[in-house]
Amino acid sequence: MAPHRRSRPPSPMGIRTPAIATAALTSVALLSQTANASPSEEPRPSLEEVEKKVGDLYRQAETASEKYNAAKEKTTKQKKRVDTLLDDVARRTEKLNDAREELGTFAAAQYRTGAAAPDTASLLLADNPQDYFDQTHLMDRLTSRQKQSVDDYVTQQTATTEKRQEASESLETLTRTQSSLKTSKADVQRKLATARDLLSKLTTEEKARLAAIERQKQEEAQRKADELARQQAADAERRRQEAAQDTGTSTSSGSASGTSGSGSTASTAKADKALAFARAQIGKPYVWGASGPGSYDCSGLTQAAWKAAGVTLPRTTWDQVKAGTTVSVNSAQPGDLVFFYDDISHVGIYIGDGMMIHAPKPGAYVREESIYYMPIHSVVRPA
């Protein structure tokens, strides 16, 4: 008879109910899927979000470009000032050395005769000659010529010290402005790189849809430009009829007309020159910070156009908007400057019928476009 064998109690870990087994298998499967899955990616932005983001980035880049233009203009002016001051310091230092040399000659002569050599030598070594004079009676022992030499020395040393301090302060200002210039430049490049990256991720279909959105925007802007053109034409016709009904004599009317027309003709001639220049730039690329002749940013183009007409405008949009008389949109005339956005970061030159010539944005070219393509800030007639 086989020996009786007592069965071992089942291990608690070995027991599985159907429900528990199923749950365990499910957990293992989920853990396996999680382990094999790639890290979750950020949700892909919609086309509308991309379009808005790119537009915002271009606007921000243009604002940074204007900051760059302002810093660059300041840097140029400050560098000229620093160069002038350093030249002045060099000339004054030379004069100071001449005065010191003459005093040294007197000191040597006094030393040979046993006169007040120590006093003169101390003068040459003094940090502040005037304070030294206040504490001694040296002047009482000097001849008229020596006194004049001492006066010249004191004057030259004081002036040279002041100019050196001024040059030092100007150099510090220049350094800060150059730092601002680099910051603005990096800001522009960073925003443009982000915009390019967003656009590069679009599919062919999305790019086609984005182009369709752009066309719709252009068509709506053109419709508003046509409305403005009709309104301006109606206003001009009304003014013509009112003039025709004027009860004044033809002589007095002609005289008044001639006086008015003279100033108007001069202004129109300048505007025509500015517009002719702007039209000749159509097709040239937008490049931030550029003011011609091969490429332009928005304010660089308007500045160059009016310069061709003999009118000097400041470099940035923020300064150009102050360089003339503000008029209403309905009263805009060819040659007027049209500014855009609340931060006045863009400008174009009005050509009539609700249209302008402007350097739009990176990747685009100087072109004609409706002034309603962007939100209008103001219209300014250059002085």
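The following exchange introduces the side-chain packing and pairing in this predicted model.

Biologist: On what basis are residues numbered, and which pLDDT values apply?

Modeller: Residues are numbered from 1 along each chain as its sequence is written, and side-chain values use heavy atoms, with hydrogens and water left out. As this is a predicted model, totals for chains, interfaces and linings use all residues, whereas local features need pLDDT of at least 70 and side-chain atom pairs count only at pLDDT 80 or more.

Biologist: Which element gives the most residues to the largest nonpolar core?

Modeller: A nonpolar core is a set of buried Ala, Val, Leu, Ile, Met, Phe, Trp, Tyr and Cys residues joined through side-chain atoms within 4.5 Å; buried means under 20% relative accessible area, exposed over 50%, and partly exposed in between (1.4 Å probe, protein chains only). The largest core has 44 residues, and Trp306, Phe339, Ile349 and Ile357 have the most contacts inside it. Elements giving two or more residues to this core include α2 (47–113), α5 (144–200) and β2 (337–340), where helices (H or I, at least four residues) and strands (E, at least two) are DSSP runs numbered from the N terminus. With nine residues, the element that gives the most is α2.

Biologist: How many residues does the second, separate core have?

Modeller: This core includes Leu228, Ala332, Tyr341 and Tyr373. Two of these residues also have a charge over the ring, meaning that NZ of Lys or CZ of Arg is within 6 Å of the ring centre and within 35 degrees of the ring normal: the charged end of Arg59 sits over Tyr341, 4.0 Å from its centre, and Lys217 lies over the face of Tyr373 at 4.5 Å. The number of residues in the second core is 13.

Biologist: How many residues apart in sequence are the parts that Lys163 and Asp88 tie together?

Modeller: The side chains of Lys163 and Asp88 meet in a salt bridge at 3.8 Å, N to O, a salt bridge being a side-chain nitrogen of Lys or Arg within 4 Å of a carboxyl oxygen of Asp or Glu. Lys163 is partly exposed at 22% relative accessibility, whereas Asp88 is buried at 14%. Lys163 lies in helix α5 and Asp88 in helix α2, so the separation in sequence is 75 residues.

Biologist: Which residue in helix α5, three residues from Lys163, forms a salt bridge with Lys163?

Modeller: The closest N and O atoms of this pair are 3.4 Å apart, and the two residues are separated by about one turn of the helix. Both belong to a network of salt bridges that also links Arg81, Asp88, Arg91 and Arg92. The partner, partly exposed at 23% relative accessibility, is Glu166.

Biologist: Are the planes of Tyr68 and Trp288 stacked or edge-to-face?

Modeller: Rings of Phe, Tyr and Trp (its six-membered ring) pair if their centres lie within 6.5 Å; planes under 30 degrees apart count as stacked, over 60 as edge-to-face and the rest as tilted. Tyr68 in helix α2 and Trp288 in the loop between α7 and α8 are 220 residues apart. Their ring centres lie 4.9 Å apart with the planes at 80 degrees, so the pair is edge-to-face.
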